[in-house]
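Here is a short set of exercises to work through with the model open beside you. Try each task before you read its solution.

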Amino acid sequence: MRVLGVDPGLTRCGVGVVEGVPGRPCTLVAYYVIHTDPADDLSLRLLHLDRTLTDLVAEHQPRSVAVERVFSQHNVRTVMGTAQASAVAVLAGARAGLPVSTYTPSEVKAAITGSGQADKAQVTSMVTRLLRLDAPPRPADAADALALAICHIWRGGTQSKLAAAVAKTRGGAR
């Protein structure tokens, strides 16, 4: 399964593409960081994110998209930009007809490191190991996007299989 992971941000938006199946090592396909200029009008920044994400979905043909779920922070301005970038990522996946899943930072950290309290350095270190990379993906936004994709393959893939099995069982019981 190929997954496009998105660590949303208005100034820096991490994107990672990973292939794998639950319970097996994953493989890096590509990673990017989409930059927008804070001096630009908000509409232009969101449009740039939309166009770039749409192009990356078309280029990499993922089977699903995983986006970090926005959580409350003390800085309302940061939360708003992250939420707007997240919405653009969700729309890019939906527009392509792909299933889109969201994960909290704690869910991703727990899936990748075994601890929902892991710091960015620990996540980056584990992503580097799990994908058997020679060097850590930089900046951290890229590593976080790759972690989201891995998390979805390991958790989302299993959840999808369980849901399909339950649906099949319910369909046969009627």
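**Exercise 1. The sheet**

Which residue in S3 stands opposite Glu-19? Find that residue, then place S3 in its sheet and say what packs on the sheet.

*Solution.* Keep in mind that this is a predicted model.

Step 1. Start at Glu-19: its partner across the pairing is Thr-27 in S3.

Step 2. Widen the view to the two strands. S2 covers residues 12–19 and runs antiparallel to S3, with 8 bridges joining them.

Step 3. Now take in the whole sheet. It is open, has 5 strands in the order S3-S2-S1-S4-S5, and its pairing is mixed. S3 (27–35) and S5 (100–103) each have a single partner strand, so they stand at the edges and one side of each is left without a neighbour in the sheet. On average, neighbouring strands are turned by 20 degrees against each other, direction ignored.

Step 4. Add the helices. H1 lies across S1, S2 and S3, and its direction makes about 165 degrees with S3. H2 (residues 76–95) also packs on the sheet, where it touches S1, S4 (64–68) and S5, running at about 170 degrees to S4.

**Exercise 2. The annotated acidic residues**

Which residues does UniProt list under "active site"? Work out whether they are scattered or gathered, and describe the surroundings of two of them.

*Solution.*

Step 1. Read the record: the unreviewed UniProt entry gives Asp-7, Glu-68 and Asp-141 as "active site".

Step 2. Compare sequence with space. These residues span 135 positions in the chain, yet no two of their C-alpha atoms are more than 11.1 Å apart, so they gather at one spot.

Step 3. Look at the "binding site" entry too. The same unreviewed record lists Asp-7 and Asp-141 there. No two of their C-alpha atoms are more than 6.2 Å apart, so this pair also gathers at one spot despite its span of 135 residues in sequence.

Step 4. Examine Asp-7. It belongs to strand S1 (residues 2–7). Its relative accessibility is 7%, and because buried means under 20%, Asp-7 counts as buried. Beyond its neighbours up to four places away in sequence, Asp-7 touches several residues, among them Arg-12, Glu-68, Asp-141 and Asp-144.

Step 5. Turn to Asp-141. This residue sits in helix H5 (residues 140–173) and is buried as well, at 11% relative accessible area. With neighbours within four places in sequence left aside, Asp-141 is in contact with Asp-7, Arg-12, Gly-14 and Val-33. With Arg-12 there is a polar contact between the two side chains, at 2.7 Å.

**Exercise 3. An aspartate in H1**

Is Asp-50 buried or exposed? Find its helix and its contacts as well.

*Solution.*

Step 1. Locate Asp-50 in helix H1 (residues 42–60).

Step 2. Apply the cut-off: its relative accessibility is 19%, so Asp-50 counts as buried, the limit being under 20%.

Step 3. List the contacts. Not counting residues up to four places away in sequence, Asp-50 touches Val-88 and Arg-95.

**Exercise 4. H4 and the nonpolar cores**

Which residues of H4 are buried? Trace the ends of this helix, then follow one of its residues into the core.

*Solution.*

Step 1. Within H4 (residues 120–130), the buried residues include Val-123, Thr-124, Val-127, Thr-128 and Leu-130.

Step 2. Check the two ends. Asp-119 caps the N-terminal end, with a side-chain oxygen 3.2 Å from the backbone nitrogen of Ala-121. Just after the helix, Arg-132 has a positive phi of about 55 degrees.

Step 3. Follow Val-127. Leaving aside neighbours within four places in sequence, Val-127 is in contact with Ile-112, Pro-137, Ala-143, Leu-146 and Ala-147.

Step 4. Place Val-127 in its core. The largest nonpolar core has 21 residues, and Val-127 is among those with the most contacts inside it, together with Val-18, Val-108, Ile-112, Leu-131 and Ile-150. Helix H3 (105–113), H4 and H5 each give two or more residues to this core. The largest share, 7 residues, comes from H5. A second, separate core of 19 residues includes Val-6, Leu-10, Leu-53 and Ala-89.

Terms used. Residues are numbered from 1 along each chain as its sequence is written. This is a predicted model: local features need pLDDT of at least 70, side-chain atom pairs count only at pLDDT 80 or more; totals for chains, interfaces and linings use all residues. Side-chain values use heavy atoms; hydrogens and water are left out. UniProt positions are given in the numbering used here, feature names are shortened, and annotations may be inferred rather than shown by experiment. Helices (H or I, at least four residues) and strands (E, at least two) are DSSP runs, numbered from the N terminus. Buried means under 20% relative accessible area, exposed over 50%, partly exposed in between (1.4 Å probe, protein chains only). Contact means heavy atoms within 4.5 Å. A polar contact is a pair of N or O atoms within 3.5 Å; within protein, one must be able to donate a hydrogen and the other to accept it, and residues adjacent in sequence count only if both atoms are side-chain atoms. A nonpolar core is a set of buried Ala, Val, Leu, Ile, Met, Phe, Trp, Tyr and Cys residues joined through side-chain atoms within 4.5 Å. Two strands pair if DSSP finds at least two bridges between them. Axes are lines fitted to C-alpha atoms, for helices over the stretch in contact, and angles run from 0 to 180 degrees between N-to-C directions.
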